[in-house]
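The exercises below ask for careful reading of a single protein model, and each is followed by a solution worked in steps. Please look at the sequence and the structure before turning to the solutions.

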Amino acid sequence: MASRMNLRHVDVKRVVKSRFWRDVPLIAAGCAIAAFAVDAFMVSNGLAAGGLTGLATIISELASRQGFYLPVGLQTIVMNAVLILFVMRTGGTRYLVQTVTGFVLFGFFCDALMPLAASFKAVSGDLVLSALWGGIISGVGYGLVFRAGANTGGSDTIAQIISRKTSLPVGSTVMVIDVAVCAASAPVFSLEQALYAALAMVLMGYVVDIVVDGGNRQRAAFIVSDAWEDIKQGIFDELDRGCTELMARGGYTGKDRPVILLITSRSEVTLVKTIVYEYDPNAIIMFTDVSEAIGYGFKEFTV
């Protein structure tokens with residue numbers, strides 16, 4: 001059985017020719033929309049709505065009180081670059097390219113569009129409007145990025161690192177990190193601003209779900225491949241999730257082989273595709289919506 005260390009990586013030519021690069025304009029548009037919302041509605045109103053962007057907002061405010069300017073976008077790029085070193089093997093070259101592209105574009109637009117925030121002084125100080133529109137617009141932007149198969153790093157990257165060292169599921173860890181950032185903003189700004197930041201964060205997540213997949217948080221993946229053993233091991237190693245082998249027979253070939261059934265979160269769909277593609281580019285993957293998932297890595301069973 002091939003191991004992750006022996007797994008062939010995607011070469012440069014294949015990455016350049018991949019569908020991912022055809023989605024770069026959509027990724028750039030999503031990053032620009034999200035960055036604009038962060039600049040115009042959140043940073044300018046002291047709303048640290050979770051993640052590395054929220055942390056950068058807090059640090060930027062503390063720096064300004066000491067008399068110097070620390071760009072939010074540049075901070076997110078540096079922090080993500082450091083974090084990606086700990087997970088750079090996850091999903092192979094394509095996943096690394098997707099992640100780096102997302103957080104670099106977001107950080108760039110976050111600083112480049114900051115002057116436009118001055119055009120929205122009319123809502124400056126109105127925390128209700130800022131939280132609502134900041135959450136909605138940034139959710140649309142992040143949703144477009146996720147739909148294109150990329151991401152902007154941040155809490156997801158931190159959660160992957162923590163999940164590797166513990167038994168905590170990625171989704172719950174992301175939520176804990178985001179809430180912690182919102183709470184940490186209260187002493188820097190105010191409790192009121194921290195509460196509105198949390199509201200913006202919740203609204204953002206809801207809009208992202210709608211843009212990406214209509215609000216369904218879990219997906220079931222059916223994977224058909226001759227390399228099913230390697231794919232299964234890759235899922236164990238990289239996602240820390242269990243899977244089920246469904247015995248099946250090819251209608252044309254008459255060959256017996258298992259079909260892998262995997263329940264995964266929305267944020268891990270891209271990683272599942274990348275793992276399967278690394279082992280077998282000709283594999284067949286079918287995704288279907290799951291209204292509720294209970295068990296290890298998901299919700300606890302309650303009656």
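**Exercise 1: a salt bridge between a strand and a helix**

E245 has a relative accessibility of 34% and therefore counts as partly exposed, where buried means under 20% relative accessible area, exposed means over 50% and partly exposed lies in between, with a 1.4 Å probe and protein chains only. The model is a predicted one, in which local features need pLDDT of at least 70 and side-chain atom pairs count only at pLDDT 80 or more, while totals for chains, interfaces and linings use all residues. Residues are numbered from 1 along each chain as its sequence is written, and side-chain values use heavy atoms, with hydrogens and water left out.

Task: find the residue with which E245 forms a salt bridge, and state which elements the pair ties together.

Solution. Step one is to apply the criterion, a side-chain nitrogen of Lys or Arg within 4 Å of a carboxyl oxygen of Asp or Glu; the partner is K232, with the closest N and O atoms 2.7 Å apart. Step two is to place both residues: E245 lies in strand β2 and K232 in helix α10, so the pair ties together parts that are 13 residues apart in sequence. Helices (H or I, at least four residues) and strands (E, at least two) are DSSP runs, numbered from the N terminus. Step three is to check the cover of the partner, and K232 proves to be buried, with a relative accessible area of 17%.

**Exercise 2: other salt bridges**

Task: determine how many salt bridges the structure holds, and describe the one that R219 forms.

Solution. The structure holds 6 salt bridges. R219 pairs with D289, the closest N and O atoms being 3.0 Å apart, and this pair links distant parts of the chain, since R219 sits in strand β1 (residues 218–224) and D289 in strand β4 (residues 284–290), 70 residues apart. R219 counts as buried at 16% relative accessibility, whereas D289 is partly exposed at 43%. A further salt bridge joins the side chains of D226 and K255 (3.7 Å, N to O), and both residues belong to a network of salt bridges that also includes R257.

**Exercise 3: aromatic pairs**

Task: state how many aromatic pairs a search of the whole structure finds, and classify the pair of F36 and F41.

Solution. Rings of Phe, Tyr and Trp (its six-membered ring) pair if their centres lie within 6.5 Å, with planes under 30 degrees apart counted as stacked, over 60 as edge-to-face and the rest as tilted. The search finds 3 aromatic pairs. The rings of F36 and F41 have centres 6.4 Å apart and planes at 90 degrees, so this pair is edge-to-face. For F106 and Y142 the centres are 5.8 Å apart and the planes are at 35 degrees, so that pair is tilted. F106 lies in helix α5 (residues 92–112) and Y142 in helix α6 (residues 127–147), so the pair ties together parts that are 36 residues apart in sequence. F106 is buried at 4% relative accessible area, and Y142 is buried at 11%.

**Exercise 4: an enclosed helix**

Task: explain why helix α11 (residues 269–279) is described as largely enclosed by the rest of the structure.

Solution. The first step is to count its buried residues: 9 of the 11 are buried, so the helix is largely enclosed by the rest of the structure. The second step is to name some of them, including V269, L271, I275 and Y279.
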